[in-house]
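Me: Please take a close look at one part of this model for me: the place where the two chains meet. I would like one connected account, strand by strand.

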Protein chains: 2
Amino acid sequence: MRKKSFGPKTLIYPTPVWCVGSYDKEGKPNVTTIAWGGICCSKPPCATVSLRKATYAYGSIRERGAYTISVPSERFAREADYFGMASGRKVDKFAATGLTPVKSELVDAPYVGEFPMVMECKVVNVVEVGLHTQFIGEIMDVKVDEDALDKKGLPDIQKVSPIIYTPEVGCYYGTGKPLGKAFSIGKEIK
Amino acid sequence: MRKKSFGPKTLIYPTPVWCVGSYDKEGKPNVTTIAWGGICCSKPPCATVSLRKATYAYGSIRERGAYTISVPSERFAREADYFGMASGRKVDKFAATGLTPVKSELVDAPYVGEFPMVMECKVVNVVEVGLHTQFIGEIMDVKVDEDALDKKGLPDIQKVSPIIYTPEVGCYYGTGKPLGKAFSIGKEIK
């Protein structure tokens, strides 16, 4: 198949839609939305979020050494988009959306109470990459709404219904249908 | 909503299913599947993949200073799963699946010719996190199959049909329905 070249761009699928919570100097809760992030290590369990230095969240996470990742479900796509546009320097984004900042008991940051899946992270490394700074956070806990669990008590992605972002194109998509079990469906191949 | 605590786990949705291509010392093409990765910077455009030191790909990427990310579409879920189970130390995974290693003209690594979306990366930083090492790669080019483009010539995620992985649960899922335009649907919120 002939491929079209797009040049050196941050263009790949899928990227996550994660809402990153932090407290500012005065203890005001803030939340911003990112697509530049992921898991980066199993032991210790670590996740990353990348932020521009110009953002309000950057200063807060630098100062407090902590952040949370709240996973919005599809029905919160509007709120997640708003979190990514407004600045915590100017507005209280929790107040504007009516969503609840819940103080983490494990790290110095708030998460979004209404979102079904939450990760609490303590910053263990800060990597200067360029326009963005990457915060590597050790995962202290993961919390999931009880009504988003399956029969075995594990998180059901179709109930969490996380959002995918398409860079360059700039659209949000939901989660699709199950395709099979990992470390299993490939066994047919010798 | 009451939340269940899962402890310090690499448990968050969505994570990507990306197939990472590299050449070994002898120039044999290899490919492995990861879910620990993401974009980490816009300028210079950079992406990350995390690998355990024990993997064959780790040594190859260290030595060659390059890797590619090939995005499998849903119909290649079996092959992607196989790439994540077999070791390039023992088998030629391209030969086993009948897929084509295409030599990148920009970096010293091969990509999967049949996969619809490809990113070519030059390693610019190596971050030791713990069990996993994070390779930060500068994105030199992104290539997309011409039949996976929309009318404007941009990649159509529903044609690329990337796969989502669910850590802990260990299942693959497809991409869902469009939810709206970024930097737009949140504007209704003051």
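What follows is a walk through the contact between the chains.

Reply: The model is predicted. Start with the symmetry. Chain B superposes on chain A after a rotation of 180°, with 0.0 Å of shift along the axis and an RMSD of 0.0 Å. That is the relation of a two-fold axis. Both copies use the same surface: 100% of the contact residues of chain B recur in chain A.

Which residue of chain B comes closest to the rotation axis? It is G176(B), whose C-alpha sits at 1.9 Å.

Now the strand that carries this residue number. β13 of chain B spans residues 171–181. Its partner across the contact is β13(A). The two run antiparallel and are joined by seven bridges. Within this pairing, T175(A) has T175(B) as its bridge partner.

Next, step back into chain A. There β13(A) also pairs with β12(A), residues 164–166. This pairing is antiparallel too, with three bridges. I164(A) of that pair stands opposite Y173(A) in β13(A). The two strands make a hairpin, with four residues between them. In its turn, E168(A) has a positive phi of about 70°.

Put these pieces together and a sheet across both chains appears. It has six strands, is open, and pairs in the antiparallel sense. The order is β2(A)-β12(A)-β13(A)-β13(B)-β12(B)-β2(B). At the edges lie β2 (15–16) of chain A and β2 (15–16) of chain B, each paired on one side only. As a general point, side chains in a regular strand alternate between the two faces of the sheet.

There is a further strand pairing between the chains. β11(A), residues 132–145, joins β1(B), residues 3–5. Three bridges hold this antiparallel pair. One of the bridge pairs is D145(A) with K3(B).

Finally, the contact as a whole. How many residues does each chain give? Chain B contributes 94 residues, and chain A contributes 94. On the side of chain B that touches chain A, β13(B) supplies the largest share, 11 residues. By class, that side of chain B divides into 53 nonpolar, 22 polar and 19 charged residues.

In short, β13 of chain A meets β13 of chain B over seven bridges, and β11(A) adds three bridges to β1(B).

Technical notes: Residues are numbered from 1 along each chain as its sequence is written. Chains are lettered from A and ligands numbered from 1 in the order in which they are written. This is a predicted model: local features need pLDDT of at least 70, side-chain atom pairs count only at pLDDT 80 or more; totals for chains, interfaces and linings use all residues. Copies are superposed by least squares on the C-alpha atoms of residues with pLDDT of at least 70 in both. Two residues are in contact if their C-beta atoms, placed from the backbone, lie within 7 Å. Two strands pair if DSSP finds at least two bridges between them. Ala, Val, Leu, Ile, Met, Phe, Trp, Tyr, Cys and Pro count as nonpolar, Asp, Glu, Lys and Arg as charged, and the others, Gly among them, as polar.
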